[in-house]
Amino acid sequence: VSPPTRTVDIDVDYVVVIAYFSATINVTYPAGSTCTCTDGVTTLTAPDTSGTWACIVPNVGTWTVSCTDGTKSKSADVAITTDGQSMSVTLKYILYIFKEGEGAVVPMKTTDSRLSITNDAIIAEWTNDYESAITVDKVDLSIYTVLKFDIDGEGGTFNKICGVTTSQDPGYDGMSTDFIASTSISNEKIRKTYEVDVTEVNNGYVAITGAFAYRCYNIWAE
């Protein structure tokens with residue numbers, strides 16, 4: 001005799017725990033640019049071109065943050081290792097005017113034979129007058145905020161100045177009138193980076209003017 005049977009419905013509640021990962025990369029980039037963030041598999045895009053983006057990334061890894069505007073581009077890598085991590089990165093476009101080892105990236109000229117432009121440096125010997133090393137054409141600086149000069153003053157007591165001028169040959173009188181953004185170069189024999197605020201400058205000739213020796217190794221805008 002077969003034992004009695006009964007059909008039974010078994011109702012079981014299953015609980016599945018799904019781990020949610022979230023880390024933030026706070027990006028500052030030039031306004032008007034397209035900004036992306038990728039780990040090589042997932043690519044995220046900023047919702048606008050405002051210049052700031054709190055990018056939420058879904059996993060650990062090395063994330064490359066990039067911004068582009070026409071032919072200009074800049075990128076940086078950010079390492080994300082833990083849930084809840086918050087990192088910040090600032091991207092700036094860089095325009096080299098003179099670069100050590102490459103020479104004048106943007107065409108430059110001198111207003112005196114005692115100034116020379118080589119691949120390694122702009123070199124000025126002592127002159128009797130205020131002479132310049134200067135770009136041949138005006139440089140578009142509208143998207144940049146600072147102009148930087150990497151200069152060794154080489155000693156001496158005469159004034160030297162660097163910055164942006166409205167004249168291709170500012171000379172002595174241009175020390176105060178033709179320069180629309182500038183800073184003085186130290187007469188100490190010391191190599192340092194001089195910064196010129198070009199926030200309000202749209203364009204102009206980039207120049208170094210002086211009556212004593214110096215060596216300039218790099219000029220760039222960012």
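**Around Tyr96 and strand S20**

Okay, let's start with Tyr96: at 27% relative accessibility, this residue counts as partly exposed. Keep in mind that we're looking at a predicted model.

So what does Tyr96 do with its ring? If you search the whole structure for aromatic pairs, you get one. That pair is Tyr96 and Trp220, with ring centres 6.0 Å apart and planes at 35 degrees, so we call it tilted. Now, where do the two partners sit? Tyr96 is in strand S8, residues 95-99, while Trp220 is in strand S20, residues 214-221, so the pair ties together parts that are 124 residues apart in sequence. And is Trp220 buried or exposed? Buried, with a relative accessible area of 14%.

Tyr96 has a charge to deal with too. The charged end of Lys99 sits over the Tyr96 ring, 4.6 Å from its centre. There's another case like this to look at: Arg191 lies over the face of Tyr217, 3.9 Å from the ring centre.

Last stop, Asn218. You'll find this residue in strand S20, and at 12% relative accessibility Asn218 counts as buried, because the cut-off for that is under 20%. Its side chain reaches the backbone nitrogen of Glu100 at 2.9 Å. Which residues does Asn218 touch, leaving aside neighbours within four places in sequence? Among them are some we've already met: Tyr96, Lys99, Glu100 and Arg191. The list also includes Phe98, Lys148, Phe149 and Asp150.

So if you open the structure yourself, try Asn218 and look for its contact with Tyr96, then go from Tyr96 across to Trp220, its partner in the tilted pair.

Notes: Residues numbered from 1 in each chain as written. Predicted model: local features only at pLDDT ≥ 70, side-chain atom pairs only at ≥ 80, totals over all residues. Heavy atoms only, no water. Phe/Tyr/Trp six-rings, centres within 6.5 Å; stacked < 30°, edge-to-face > 60°. Helix = DSSP H or I, 4+ residues; strand = E, 2+ residues; numbered from the N terminus. Buried < 20%, exposed > 50% of the residue type's maximum accessible area, 1.4 Å probe, protein only. Lys NZ or Arg CZ within 6 Å of the ring centre and 35° of its normal. Polar contact = N/O pair within 3.5 Å; in protein donor to acceptor, adjacent residues only side chain to side chain. Contact = heavy atoms within 4.5 Å.
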